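The following exercises concern a structure shown with its sequence. Each task is followed by a worked solution.

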Amino acid sequence: MTAPRIADVLHRALAAEAVLEERGEEVADEWQYVTDLAAAWRARLESVLAARGTEPAPPGSADAIDAAADEAALIEDPHRAIDWLSTLPQIVLAALGERT
Amino acid sequence: MRFQDAARDARTVVYAGIQADRLVTRAADLLVEAAPLERLLARAAMNGERTDPAAWRAMFPGLFGPAVEPSLRSHAEAVLGVSLEVAGRGEQARSQYRGAVVEALTERLLARRSREVRRERRILFDGVAAEIHPYDVTVEAPGAAEAYDCKWGARGITPDVLLQLDAARTGAAAEEASLRVALVVFDAYRSCLVRLARETAPADGTYLTTIETMHELAVRPATLRARR
């Protein structure tokens, strides 16, 4: 099996963020914040994708990001989804050895 | 400018019980020694869905991976354990516990450089109606006072919070007293900037400490401006 690249794990993370964004948008009063927050973190993750996407994922990072994405997928409460919209990318960046 | 204990009403009495809970003090005692990545683990696990520690260990190879020093791993295990206990308190209670943990952590960090740290204090100025809501943590050092409002997440940054901090700052300035006002947010700096970008309440004189940098409170006041 081919070792995952950073692009592979980031695509998983970006997909999980998109689901959290959709869930968080259910809080009508926070729609703008949710949209802005998702855009800011998406841009940060995409900047890593552009810079390091072809590199092999660091040891443990693919499992870490899978576990974080699995956790995010379990979240049904929209308020918690907003919280995780910020938490998930921090976990992803930490696993990749990046600053938030 | 002078400081005063907050009036106690029914809500504050209930919340005082949470603030004094052993779970809160254990979490704060562990987090005051924590690395930034352990604080992120706490943030994630306290507000997560799963209670199986294995899932959280997998998420943080920098804390639980094979190359991690045993002392860090052991401390991270303790942080994870207490965080899952907070999560286990149930949806309603855990939001209060999380807030109390951030306040208690802030208090402990500040206490490393000052003996003048207090909780739940109002700040009074001559001829100005006092704010009802107290400041979460204060450093009441003569000539170098600080007031902190603590938030679990960037979403807690609201116009009311910013207005109250700014009112204290301007009140102090009118009396030529020194008072640094700051937010302590257990969330990423990036998320706080996103939140602040659309806030029109005054924040130019307010400082900001976030999950990445809050350990610095142990050695100096918050140094980042809330609004860049």
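**Exercise 1.** Determine how far apart the C-alpha centres of domain 1 of chain B and domain 2 of chain B lie, and characterise the contact between these domains.

*Solution.* In this predicted model, the C-alpha centres of the two domains of chain B are separated by 23 Å. Domain 1 of chain B is formed by 2-7 + 100-225, and domain 2 by 10-99. With contact defined by C-beta atoms within 7 Å, domain 1 of chain B contributes 13 residues and domain 2 of chain B contributes 18 residues. On the side of domain 1 of chain B that touches domain 2, there are 10 nonpolar residues, three charged residues and no polar ones.

**Exercise 2.** Describe the side of chain B that touches chain A, stating which helices supply at least two residues each.

*Solution.* The count comes first: 28 residues of chain B are in contact with 26 residues of chain A. Next, the helices of chain B that each supply at least two residues to this side are H3 (36-46), H4 (53-59), H5 (61-64) and H9 (189-197). H9(B) provides the largest share, namely six residues. Finally, sorting the chain B side by class yields 13 nonpolar, six polar and nine charged residues.

**Exercise 3.** State what confidence the predictor assigns to chain B and to the complex.

*Solution.* For chain B, the mean pLDDT is 94, and 100% of the residues of chain B reach 70 or more. For the complex, the predictor gives an ipTM of 0.96 together with a pTM of 0.95.

Definitions and conventions. Residues numbered from 1 in each chain as written. Chains lettered and ligands numbered in written order. Predicted model: local features only at pLDDT ≥ 70, side-chain atom pairs only at ≥ 80, totals over all residues. Domains from an automatic or database assignment. Contact = placed C-beta atoms within 7 Å. Nonpolar A, V, L, I, M, F, W, Y, C, P; charged D, E, K, R; others polar. Helix = DSSP H or I, 4+ residues; strand = E, 2+ residues; numbered from the N terminus. pLDDT = per-residue confidence, 0-100.
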